[in-house]
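Please examine the sequence and the structure shown below. A short report accompanies them.

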Amino acid sequence: MRSAGKWLEESGKNPSKWWKLENLNPEFLLKYAKPQEFFVALVNEKPAAAAVLQLNQNSQDWKRIDKDQEKKALYIHWLCVEREFKGKNLPKVMIDFAEKKARENNINLLRVDTNASETKLRKIYEKLGFRLVAVEQEDYRQTAFYQKKIS
């Protein structure tokens with residue numbers, strides 16, 4: 001996660017507080033996620049991708065989208081791939097894993113959000129079956145909210 005945050009800053013992408021390098025540390029992250037919600041994909045025993053999978057939304061506000069009628073969903077946060085492993089289809093690996101975890105918990109909806117100006121990432125989510133449900137202004141940026149129904 002830290003290398004993804006570093007890349008975002010070095011690329012001039014103006015990351016949100018969630019991806020600021022100074023916040024990608026246990027003290028900050030554990031305010032929003034429990035240790036058992038962090039998942040890492042290994043390739044040849046090296047961390048290649050990571051995500052936080054939550055049964056309750058703790059890091060992003062879906063209330064405006066749901067009109068205060070919270071939906072049962074698995075929320076995906078901090079999904080990232082080490083630059084060394086880009087192009088290896090690891091976002092799909094992580095989303096497939098998230099689907100498995102959702103099914104284990106009798107959940108049929110995955111949710112993810114991203115900076116609306118991140119068109120490449122948005123295309124990845126759309127390719128993986130996510131549907132855009134809203135774009136909301138938050139602080140200094142617009143956030144794109146996606147969800148995917150699973151069976």
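The report treats the whole chain and then helix H1.

This is a predicted model, in which local features need pLDDT of at least 70 and side-chain atom pairs count only at pLDDT 80 or more, while totals for chains, interfaces and linings use all residues. Residues are numbered from 1 along each chain as its sequence is written, and side-chain values use heavy atoms, without hydrogens and water.

The protein chain contains five helices and six strands, counted as DSSP runs (helices: H or I, at least four residues; strands: E, at least two) numbered from the N terminus. Their order along the sequence is α-α-β-β-α-β-α-β-α-β-β.

| Property of the protein chain | Value |
|---|---|
| Span of the C-alpha trace along its principal axes | about 40 × 35 × 30 Å |
| Buried share of the 151 residues (under 20% relative accessible area, 1.4 Å probe, protein chains only) | 46% |

The radius of gyration, taken over C-alpha atoms, is 15 Å; this agrees with the value near 15 Å for a compact globule of 151 residues (rule: 2.2 Å times the number of residues to the power 0.38). Among contacts (heavy atoms within 4.5 Å) between residues at least 6 apart in sequence, 56% join residues at least 24 apart.

Helix H1 covers residues 2–10, and its buried residues are Ala 4, Gly 5 and Leu 8. Viewed down the axis of H1, these buried residues fall within an arc of 100 degrees (from the directions of the helix axis to the C-beta atoms), so they line one face of the helix. The buried residues of H1 pack against strand E3 (74–81). After H1 comes Gly 12, with a positive phi near 70 degrees.

Key
Buried means under 20% relative accessible area, exposed over 50%, partly exposed in between (1.4 Å probe, protein chains only).
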